[in-house]
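Student: I'd like to learn how to read a helical model, one feature at a time. Can we begin with what counts as a contact?

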Amino acid sequence: MKTEELIEALAADTRLNPPRMTVRLLAGLVASVVLVALFWSVRPDLPEILSDPLVAAKFVLPLGLALLLILLWPEPGSGRALWPLALPALIAAGLFLGFMPRENLAPAVMGSSWRVCLTSIPFLSLLPGVAIFAALCRTVITHPERAGLKAGLLAGAFGAAIYALHCNEDAPVFYTVWYSLGILICGAVGRFAGRRVLGV
């Protein structure tokens with residue numbers, strides 16, 4: 001094979017196989033949901049609370065982030081900045097902080113389970129993250145740290161939405177702050193892992 005043909009083949013192989021990644025990701029998501037049901041418990045009032053838009057946002061914000069990451073994924077090697085992905089959470093946090101009475105702000109932000117939140121989201125992101133990384137390992141990754149960061153953020157967003165099945169902290173400032181931090185932790189871990197296990 002000529003050098004030019006090899007380069008073209010490698011470049012063509014930088015895109016994920018969507019069916020394969022979808023199957024792996026669905027398996028990881030289902031496994032994480034089962035873990036929540038077995039070890040955390042799903043809120044019994046889940047159907048009722050979802051009619052409240054401020055509570056439903058616990059699912060909408062992380063799933064929206066996941067959707068944006070998936071839509072941006074077919075850009076191998078893109079230098080596109082990822083910071084705009086934080087805009088929905090920042091806007092939501094600004095609105096929530098702006099309209100909340102000052103005297104209730106600190107208790108609402110801290111809640112009673114922020115430690116559980118910060119440990120649960122990365123844990124529940126682990127299986128989806130492994131599934132995403134397994135799919136990435138079958139492609140040629142030209143920017144492993146960036147791909148790892150995206151994979152970590154995507155797994156973290158799914159982990160946050162899955163954790164919301166259990167979380168009974170419904171204050172918007174609570175889930176905006178701690179869910180976002182949990183997702184960022186997953187992104188940092190993904191970036192670190194991407195540097196070591198991905199790439200050509």
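Tutor: Sure. Contact means heavy atoms within 4.5 Å. Keep in mind that this is a predicted model. Let's try the idea on one residue: leaving aside neighbours within four places in sequence, S32 is in contact with L124, L127, P128 and I162.

Student: Where does S32 lie, and is S32 buried or exposed?

Tutor: S32 lies in helix α2, which covers residues 18–40. The cut-off for buried is under 20% relative accessible area. S32 has a relative accessible area of 1%, so S32 is buried.

Student: Which other residues of α2 are buried, and what do they pack against?

Tutor: The buried set in α2 consists of M21, L25, G28, L29, S32, V36 and W40. These buried residues pack against α7 (114–136) and α8.

Student: Let me pick V36 from that set. What does V36 touch?

Tutor: Not counting residues up to four places away in sequence, V36 touches S41, V42, L124, I162, L165 and H166. V36 has a relative accessible area of 0%, so V36 is buried. You can also look at a C-alpha pair here: V36 and Y163 are 127 residues apart along the chain, yet their C-alpha atoms are separated by 7.2 Å.

Student: How do I compare the length of α2 with what is expected?

Tutor: Take the span from the first C-alpha to the last. In α2, 23 residues reach 31 Å, close to the 33 Å expected at 1.5 Å a residue.

Student: What follows α2?

Tutor: S41 does, and its phi is positive, near 85 degrees. S41 has that positive phi although it is not a glycine. S41 lies in the loop between α2 and α3 (46–49). As for accessibility, S41 has a relative accessible area of 38%, so S41 is partly exposed.

Student: Let's zoom out. How many helices and strands are there in the protein?

Tutor: There are nine helices and zero strands. Read along the sequence, the pattern is α-α-α-α-α-α-α-α-α. Of the 200 residues, 42% count as buried. Now take the contacts with a separation of 6 or more: residues 24 or more positions apart account for 88% of them.

Student: How should I describe a pair of packed helices?

Tutor: Two packed helices are described by the angle between their axes and the distance between the axes. Try helix α8 (residues 144–163) and helix α9 (residues 172–197): their axes come within 6 Å and cross at roughly 145 degrees. α8 passes α9 in a right-handed crossing.

Student: Which residues of α8 and α9 meet?

Tutor: From α8 you have P144, E145, G148, L149, G152, L153, G156, A157, A160 and Y163. On the α9 side they meet Y179, I183, L184, C186, G187, G190, R191, G194 and R195. The residues of this contact divide into ten nonpolar, six polar and three charged.

Student: Now α4 and α9. At what angle do their axes cross?

Tutor: Helix α4 (residues 53–72) and α9 have axes that cross at roughly 25 degrees and come within 10 Å. Angles under 35 degrees count as roughly parallel, and α4 and α9 are therefore roughly parallel to each other. α4 passes α9 in a right-handed crossing. The contact is made by L54, V55, A57, K58, L61, P62 and L65 of α4 and P172, Y175, Y179 and I183 of α9. Those residues divide into ten nonpolar, no polar and one charged.

Student: What about the segment after α9, where L198 lies? What does L198 touch?

Tutor: Setting aside residues up to four places away in sequence, L198 touches F133, L136, C137, I141, P144, A147, G148 and A193. One of these, L136, is 62 residues from L198 along the chain, with 7.3 Å between the two C-alpha atoms. L198 is buried, with a relative accessible area of 8%.

Student: One last residue: is A106 buried or exposed?

Tutor: The cut-off for exposed is over 50%. A106 has 51% relative accessibility, so A106 counts as exposed. You'll find A106 in helix α6 (residues 102–110). A106 and F174 are 68 residues apart in sequence and 9.6 Å apart in space, C-alpha to C-alpha.

Technical notes. Residues numbered from 1 in each chain as written. Predicted model: local features only at pLDDT ≥ 70, side-chain atom pairs only at ≥ 80, totals over all residues. Heavy atoms only, no water. Axes fitted to C-alpha atoms, helices over the stretch in contact; angles between N-to-C directions. Helix = DSSP H or I, 4+ residues; strand = E, 2+ residues; numbered from the N terminus. Left-handed = near helix turned anticlockwise from the far one by under 90°. Nonpolar A, V, L, I, M, F, W, Y, C, P; charged D, E, K, R; others polar. Buried < 20%, exposed > 50% of the residue type's maximum accessible area, 1.4 Å probe, protein only. Expected span 1.5 Å × (residues − 1). Parallel < 35°, antiparallel > 145°, perpendicular 65-115°, else oblique.
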